[in-house]
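Hi,

Here is the structure I promised to pass on. Could you open it and follow along with the notes below?

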Amino acid sequence: MATAPYFVISPNTLMSILGLIHGPDKTVPTPAEDWRNAVVDIVIPALNEEKNIPLCLASLMRQTLKPARIILVDDGSNDKTLTYAKDFCDANGLDLMLIHRKASIGKTPTIKRQAREFNSDVEFILDGDTVLQSDNYIERTVQELYNGIGIASACGTILPLRHGDRKDMLREQTVKDFLFVHPEADLEHRRNWFSRLQRGLSNLYREALYMFLQRFIYHGQMVFFGTITNPVGCAVAYRRKYVEALFNKFEPIFGDDLTNSEDIFIGFSMLEKGYRNIQLADVYARSEEPEAKRLPRQIYMWSSSFLQSCYYFDSLLRSPFKALKRYRQRLREKRRFRQQQEEKRQIREQYRQSFGEEHTRRYGRPMGWVLLMSAIEKVLFPAVLLIMIILRLWEPLAITIAAETVLSLGILAFIAKGQRAEYFFKGLLVTPIRYSSLLYDLVTIGRFGADLWIFRNRRWRK
């Protein structure tokens, strides 16, 4: 979620609109591999998730596609995460491989080690605080991965995990069987009124943000470019061999210090190779959001990781300046492709590109337009607001905020079919939070600059 346009009036918004007008690549995929034969491992990184892990595992038991292995990696929890996971599986006959660390080392090494230590085709990462709402979530993401060798990751639509969702899951028989063993488990996550208020504010803000991003911005990018910047890392299917190759390349350079959010770095790396990151609109997962007081930290993690990835993959950001060169190359490739199709069996793939970092350095990637515009927006828009405040340009500031808010609420209401009035008022209520996060990004930019040029600190890791 790191490339959220803070202003609706932005180049990325216009590109999404152009994508929706342009329409998708109409190529009908003819996959060379059958997704039904894929071996799938589910890896669950968890740290102090005793209130969530039984619900996470319960959602796995409803999945239509059964994995070869479910691997829970407890990253040094000091609560009952490991005990609850083991007893849930014992109560419901679910095979679970448990890995327990004495001290936390982060999510990035977990993804790396499981990609190397097992030989599955698909590494499905499911955070311990996330539940798969759609029973066919894993099946659909794996099916989408196998629509072409150029697809590196696939995720569904991610929404906040609400209190009502927890109560609904408590009625499932698998959860009841667990609670019979552990009646003391607080899966409803009962909190005091202040904590409930903070969580409610976070959920309200994220519901409006995710609706705008996933149904409009990301949808437009998917239609136009066939990819989004990065998968949403709490519930994502990766081609395991692509992830393994990524770590084999970058571990000697960075170790495990990729960026502050591993899914953004992985997404950029896949784009550099010419692969795509897919988001599906027809399957859903719900992830627990932090309380409002913790939102700044999460915003910092996502936003700083985007800037860090832009720094490492600068060849992607230079793509717009190579557009003409890329256009000529694409014409040559089309001619070669037609000749090959006369001789070989047709294997079609939407949005197909030439693979490899060398191609990116020479010709760039179409998705580079989104990355460059996102980087400009992230630095320029907060700076413009700050300058207006410092110079006390209150009237232009008020006009800018009013016009942008009206437009954003209009778009939000338009895309929320059947819930237009609800999301209009949700968007209105969270407008102060949205602008606060915009200004807070100046802190992120300052810390990123200090890390690069003052402290020389690049030990970025989630």
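**What turned up**

Helix α13 (residues 323–343) gives the positive patch its largest share, three residues. Please keep in mind while reading that this is a predicted model.

The patch itself lies on the surface, where Lys325, Arg328, Arg332 and Arg362 bring their positive charge together. Arg332 is a good one to click on: the residue sits in helix α13. Is Arg332 buried or partly exposed? Its relative accessibility is 34%, and because partly exposed covers the range between 20% and 50%, Arg332 counts as partly exposed.

There is a nonpolar patch on the surface as well. Leu386, Ile387, Ile390, Leu391 and Leu393 make it, and its area is about 460 Å². Leu393 belongs to the loop that runs between α15 (368–390) and α16 (394–415). With a relative accessible area of 36%, Leu393 is partly exposed.

Next, have a look at Asp74, in strand β2 (residues 69–74). Which side chain of opposite charge is nearest to this residue? That is Arg101, but it is 8.2 Å away, and Asp74 is buried with no salt bridge. A salt bridge needs a side-chain nitrogen of Lys or Arg within 4 Å of a carboxyl oxygen, so the 8.2 Å to Arg101 leaves Asp74 without one. The Asp74 side chain does have a partner in the backbone: it reaches the nitrogen of Ser77 at 2.8 Å.

Two residues caught my eye for their backbone angles. Asn48 is not a glycine, yet its phi is positive, at about 55 degrees. You will find Asn48 in the loop between β1 (40–46) and α2 (53–61), and its relative accessibility of 36% makes it partly exposed. Tyr351 is also a residue other than glycine with a positive phi, in this case near 55 degrees. The loop between α13 and α14 (357–363) holds Tyr351. Is Tyr351 buried or exposed? At 15% relative accessibility, Tyr351 counts as buried, because the cut-off for buried is under 20%.

Last, Arg459 is in the segment after α18 (431–453). Arg459 is exposed, and its relative accessible area is 66%. From Arg459 to Ala152 there are 307 residues in sequence and 26 Å in space, C-alpha to C-alpha.

Do write back once you have had a look around.

Best wishes

Definitions and conventions: Residues numbered from 1 in each chain as written. Predicted model: local features only at pLDDT ≥ 70, side-chain atom pairs only at ≥ 80, totals over all residues. Heavy atoms only, no water. Patch = residues over 30% accessible without salt bridge, like charges linked within 9 Å, V, L, I, M, F, W, Y side chains within 5 Å. Areas by Shrake-Rupley, 256 points an atom, 1.4 Å probe, with all protein chains shown as cover. Lys, Arg positive; Asp, Glu negative; His and termini not counted. Charge placed at Lys NZ, Arg CZ, Asp CG, Glu CD. Helix = DSSP H or I, 4+ residues; strand = E, 2+ residues; numbered from the N terminus. Buried < 20%, exposed > 50% of the residue type's maximum accessible area, 1.4 Å probe, protein only. Polar contact = N/O pair within 3.5 Å; in protein donor to acceptor, adjacent residues only side chain to side chain.
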